[in-house]
Amino acid sequence: MSGSASIRMTRKDKSSDWTLAIGIALGAILVAFATWIYTQWSAMEKPRNGAVWLDVPEVQSQLADGRMLSVKVNLQLRNRDDPNVLEGHEPALKAMIEQVGTTMTRTDIKGREGVQRYGQAIQQAINGYLKDQHIDERVKMVAFNELVLLP
């Protein structure tokens, strides 16, 4: 009788070993699958919480005092879909920037505060234009890539 008891224990130990091995294998497969899903999901384009910018090509404007100004700006937009909405308005945006320049003088844009006022004037002009076109205000901020006073 003691021989049959030891045989039963051995069979029970072998079946628990198989169960443990299958459990570990399934766990490893599950971890690999979860890792693959995570990498695929992170590679997909997701909306960013960061700012959305629209580059406006270089604009040259004659200031009110006769000097020439070359400026290249980026417009921070309110929503991710705004670049698509404003795509056909690029010539008008450039014209707004040029027009604002004609109302300023060299002393108006001098210093940090002057550049900030110039950026706010551009923002107001563009948002006013968009309002006239029955488009919601889109420009949140104006950032200057380049601002050069030409001789």
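The following paragraphs describe a three-stranded sheet and two helices that pack on it. The model is predicted, so that local features need pLDDT of at least 70 and side-chain atom pairs count only at pLDDT 80 or more, while totals for chains, interfaces and linings use all residues. Residues are numbered from 1 along each chain as its sequence is written, and side-chain values use heavy atoms, without hydrogens and water.

Three strands (DSSP runs of E, at least two residues, numbered from the N terminus) form an open antiparallel sheet in the order β1-β2-β3. The edges are held by β1 (52-62) and β3 (139-150); each has a single partner strand, so one side of each lacks a neighbour in the sheet. On average, neighbouring strands are turned by 20 degrees against each other, direction ignored. Pairing requires at least two DSSP bridges; β1 and β2 (residues 68-77) pair over nine bridges in the antiparallel sense. Ser-61 stands opposite Leu-69 in β2.

Two helices (DSSP runs of H or I, at least four residues) pack on this sheet. Helix α3 (residues 90-102) touches β1 and β2, contact meaning heavy atoms within 4.5 Å. The direction of α3 makes about 50 degrees with that of β1; such angles run from 0 to 180 degrees between N-to-C directions, with axes fitted to C-alpha atoms, for helices over the stretch in contact. Helix α4 (residues 111-132) touches β2 and β3, and its direction makes about 125 degrees with that of β3.

The helices α3 and α4 also pack together at about 135 degrees, with their axes 9 Å apart. Residues of this contact include Met-96 and Ile-97 of α3 and Ala-121 and Ile-122 of α4.
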